[in-house]
Each structure stands twice: as C-alpha cells, then as structure tokens.
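This report describes a structure of two chains, moving from one strand outward to the sheet, the overall folds and the interface. Please read it alongside the sequence and the coordinates.

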Amino acid sequence: MSTGLHYLVWVLVFPGFLFTLALGLAVSWLVRKVSALVQWRMGPPLAQPLVDIMKLLGKEALIPEEAHLGVFVLAPVVGLSGVLLLAVMLWRSLVSETAFVGDVIVALYLMVLPSLALILGSSASASPHAAMGTSREMKLVLSYELPLALALVVVLIKAVPAGDPAPSLSLAALARHAPVLSLSGLLAFLASLLSLQAKLGFIPFDMAESETELAGGVLMEYSGVLLALWKVMQALMLVALPLFLVVVFMGGIDLSGWSMLWGVAKLVLVWVLMILIKNTNPRVRIDQAMRFFWVYCGTGLGIAVVLAMIGRQYGVPWL
Amino acid sequence: MVVRRTMGWKRWALRRSVWVFHVNAGACNNCDIEIVDLLTPRFDVERLGVKLVGSPRHADALLVTGVGTRQAVKRVQEVYRQTSKPCVVFCIGACACGGGIFEGAYHVAGPVDRIVKSVDPGAIVAYVPGCPPKPEAILSGVVKALAAL
C-alpha cells in the first residue's frame, strides 16, 4: 500500500473518522443511558445517537435569512476537521514515535478549534438567543484555557528530567509518563478534567447551549445536515478529549497484548468521572464558572506548578 | 391537498428519533403538565427516541396545546415555518383539537389545525383529544401519527 493511501486510511477509517465516530456514538449513548439510569428511567436504545444523526441528515437544513451564509455553513466543517485532526494525532502518538517536536502545543490549539467554530457559526446566525450563547461560550473559553495551559505546564515539568539538554515535548514522549500519580499531577488532572467538561459543554458548564433558557443557545439556528455535523463533532470530541487526558496525564494506552485492557480502563475511568460530574451537579452561572476556573483552579494550579518545580529540583517524584 | 410522504431510510430514522418542541397556544397548563409527565420515569419517552428540544429548528414534531388565541396565531404560524420539514403537528387536548369549552369565544382564533393549515395546506396534523389527554393517549397518538408519516 502506498504511503498516501495508508495515511488516508489512517485519517478516514481506522483509527480516524469512522472508528472514532463509532466509539464516540457509543459513548454518547452511554452518557444518555447512565443519565437515564441515575434518574430511574430506561434510557434510549444503543443505536439512538446513530439514528438521531441519520434522521438529521434526512431533514431540511434551514438557513436564517439574515445569516452570513459562508461562515454559517463552514463553521461546523471547520470544527469537525479540527477535532478529527486532534483524534488522529492522539491515536498516532500511541503507536509510533515519529511525531514532530512540540505536537502537544498543536493539540492544545486544535482543542480550541471546536469552540471557536461554535462561536463563529452561532454569531453568523443573526439570532439574539444564539448571540447570548456565543457570548457565554467566549467567556467560557477565556475561563478554561488558562487552567488547561497551566495544567500542561505541570505535565511538562514532570515529564522533562532536570538537566536534559534537548527535551522532547511530543505527545508520544509525554505518554511514557503518568504525572497523575504525583500530588501536583493529580491537581492538574482534576483541573483539566473540569476544563474538558466545559469544552464538551457538559453540566455544570453547559450554559452556552442551555436548552431551558437559551433554546439551544449556540446551536439554536442549526438544523438538518448542519446540525448533524455539529452532533458528529461532539461525538468525536467525546473520544478525543478524554484520550488527550489519558495520553498526557495517565501514561497513554499500551497497545501490546493484555496491557491494552489497562489502557482502555483508564479511558473508561475518565468517561465515568465525566458522566458522574454531569449527573450530580446543577448548571452554574457564567460568572460562577469564570470565578471557579480563574480563582480556584488558577490558584490550585499555581500551587501545583510550584510543587512540581520543588519535586523536580530535589528529586521527589511524588510531589 | 398535497400529501408528502417521507420514504426509505429517512422515514425509518425519523420514526425512531422524534425530537419534539412544545408550543403553548393559550393552554390552561393542564395538557402541558401531561406532556411533562411523558418525560418522567413512569413513561420515559426517551426509550422510544423522543427528546424534548428547545428550538423549533431541531424539532420533528410540534406539540401544540391550547385553543389558539388571537395573540397566539402569528406565533404558532412562525414556529411552524421555522421547523425543519418533514414535521408533524400534534394538537394535544380538546381545546387544540376543536376549541373545547372555549369554542366561539371572543378570543379564539383556532382550532390549531386551521391556523397551521393556513400557512401550509399540506401540513401533517394529528389530534389527541381529552381534557387533559392521558399520557397513554398522547403516546398512542404519537405512535399512530408516526405510522402514517
């Protein structure tokens, strides 16, 4: 097989688009099923997320009269391709070492892309409700990007040994360490778990999409195929973001033999934590979210950075 | 009358994933409570793929309650126009179906099917009478309407 075709299969079939999408749809079913069980309901059947997307593909796509057509239509495509790239990069970091230096920074950028696309698309729709959602999404991005970047600083301090002249910052190199097993790493992990909760638009940080007061917020004006694209994007995010946590904080997934099960267990653990947080919390206001991320997470991560520096300087691995 | 039928996989998927939007066209809140009842653990319509959504753009079915007051006419018509087709309009309760006890009153512009059909003569309308209709009746109405899609 030629290299080009090989890469195409990588991106589009396995473990890229089709595989990640199938996994993401299964996880979004899990989210709905567990939420239903928590509320003492039966919940939807396994195929429900797939059927939802198929139905949306068969529906009429309405475009608001005053919307900016190009941005409105292209925004979901941009968001989707960003998440797809992120997913492929993360899967690739698990199997091969041939990554470019500092691809973790690129991953951080790609993780902003879905929120950015959401902001662009909803502000192009010329709807006041969507505009409210846009402003909340923007404030949310401003809030959680700071803790996420700080948490990554902690990871880099833990992963780069003192006195290393040419440290490797690739995802594959980070996947060899498990900073979550130290005090500072655990703090950073918890803060980034909550940041990803906000990125996924899960309760307690779903104020940008809130169905009850903003009627769907950022997604309000989308219908048919375009809404299906957003739903596909969200399904991919449901795999890519927890995978990012596993790669960066929990030592990645070892794909050889039985130890793969251990790696899958880590991924499942992140999903379970996210679903539990989603089901046991009310939605917070946007100012509460900002205060939470900047003041509490920010301070906690500041302490974590200092602890990690001390641990590195004096060779204490558990700090 | 134009009858639009959705065929093949589109129909298959639509019947298994109905997202509903609730339109109150001047109801006394009794039918609304029965609709909320459908989402509770006792009936749990999510197991049939039914989900309550916040925007008519996402909806496949409009659950209209209330008699259709003169104030509500324009709003109901606008919401119908904004719903992406194919969609079904459900008239929930005696008032929405035929005016109920308010028939002929000064504020009534309904019934709801006339309001919707003045925008789109080919609209698919289903009726669930009752004051208020039992949740079982609403469910059976949804099932029958989906079979007719």
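Which residues point one way from β4(B), and which point the other way?

## The strand β4(B)

In this predicted model, B:Val88, B:Phe90 and B:Ile92 point one way from β4(B), whereas B:Val89 and B:Cys91 point the other way, and all of them are buried. In a regular strand the side chains alternate between the two faces of the sheet. The strand, which spans residues 88–92, is accordingly described as mostly covered, with five of its five residues buried.

## The sheet of chain B and its pairings

Chain B contains an open sheet of five strands in the order β2-β1-β3-β4-β5, with parallel pairing. Its edge strands are β2 (51–52) and β5 (124–128) of chain B, each of which pairs on one side only. Strands of a sheet pair through backbone hydrogen bonds, either parallel or antiparallel.

β4(B) has two partners to consider. Towards β5(B), five bridges join the strands, which run parallel; along this pairing B:Val88 has B:Ile124 as its bridge partner, B:Cys91 has B:Tyr127, and B:Ile92 stands opposite B:Val128. Towards β3(B), the pairing is again in the parallel sense and extends over five bridges, with B:Thr65 standing opposite B:Ile92. In β5(B) the side chains also alternate, but burial follows the face: B:Ile124, B:Ala126 and B:Val128 point to one face and are buried, while B:Val125 and B:Tyr127 point to the other face and are not buried.

## Helices against the sheet

Helix α2 of chain B, residues 30–39, packs on the sheet and touches β1 (19–24), β2, β3 (61–65) and β4 of that chain, its direction making about 140° with that of β3(B). Helix α6 of chain B, residues 135–148, lies across β4 and β5 of chain B and runs at about 155° to β5(B). The connection between β3(B) and β4(B) involves helix α3 of chain B (residues 70–82), and together these three elements make a right-handed β-α-β unit.

## Overall form of the two chains

Chain B has six helices and five strands, which follow one another along the sequence as α-β-α-β-β-α-β-α-α-β-α. A compact globule with 149 residues would have a radius of gyration near 15 Å, and the 14 Å of chain B agrees with this. Its C-alpha atoms fill a box of roughly 45 × 35 × 25 Å along the principal axes, and 46% of the 149 residues of chain B count as buried. Among contacts in chain B between residues at least 6 apart in sequence, 81% join residues at least 24 apart.

Chain A, by contrast, has twelve helices and zero strands. Its radius of gyration is 20 Å, close to the 20 Å that the globule rule gives for 319 residues, so chain A is as compact as a globular protein of that length. The C-alpha atoms of chain A occupy a box of roughly 60 × 55 × 40 Å along the principal axes, and 45% of its 319 residues count as buried. For contacts in chain A between residues at least 6 apart in sequence, the share that joins residues at least 24 apart is 79%.

## A buried loop residue in chain A

Where in chain A is A:Met250 found? A:Met250 lies in the loop between α10 (224–249) and α11 (259–279) of chain A, and this residue is buried, with 22 other C-beta atoms within 10 Å; the threshold for burial is 20 or more such atoms. Leaving aside residues up to four places away in sequence, A:Met250 touches A:Ala178, A:Val180, A:Leu245 and A:Lys266. A:Leu174 is 76 residues from A:Met250 in sequence, yet the two are 9.4 Å apart in space, C-alpha to C-alpha.

## Helix α3(A) and the interface

Helix α3 of chain A (residues 48–57) is largely enclosed by the rest of the structure, because seven of its ten residues are buried. The buried residues of α3(A) are A:Gln48, A:Pro49, A:Val51, A:Asp52, A:Ile53, A:Lys55 and A:Leu56. Their cover draws on both chains, since it includes α2 (17–38) and α10 of chain A together with α1 (8–16) of chain B.

Across the whole interface, 18 residues of chain B are in contact with 27 residues of chain A. The side of chain B that touches chain A comprises, by class, five nonpolar, six polar and seven charged residues.

Notes:
Residues are numbered from 1 along each chain as its sequence is written. Chains are lettered from A and ligands numbered from 1 in the order in which they are written. This is a predicted model: local features need pLDDT of at least 70, side-chain atom pairs count only at pLDDT 80 or more; totals for chains, interfaces and linings use all residues. Two residues are in contact if their C-beta atoms, placed from the backbone, lie within 7 Å. Ala, Val, Leu, Ile, Met, Phe, Trp, Tyr, Cys and Pro count as nonpolar, Asp, Glu, Lys and Arg as charged, and the others, Gly among them, as polar. Helices (H or I, at least four residues) and strands (E, at least two) are DSSP runs, numbered from the N terminus. The radius of gyration is taken over C-alpha atoms; the globule rule is 2.2 Å times the number of residues to the power 0.38. A residue is buried if 20 or more other C-beta atoms lie within 10 Å of its own, exposed if 12 or fewer, and partly exposed in between; C-beta atoms are placed from the backbone. Two strands pair if DSSP finds at least two bridges between them. Axes are lines fitted to C-alpha atoms, for helices over the stretch in contact, and angles run from 0 to 180 degrees between N-to-C directions. A crossover is right-handed if, with the strands pointing away from the viewer, the path from the first strand over the helix to the second runs clockwise.
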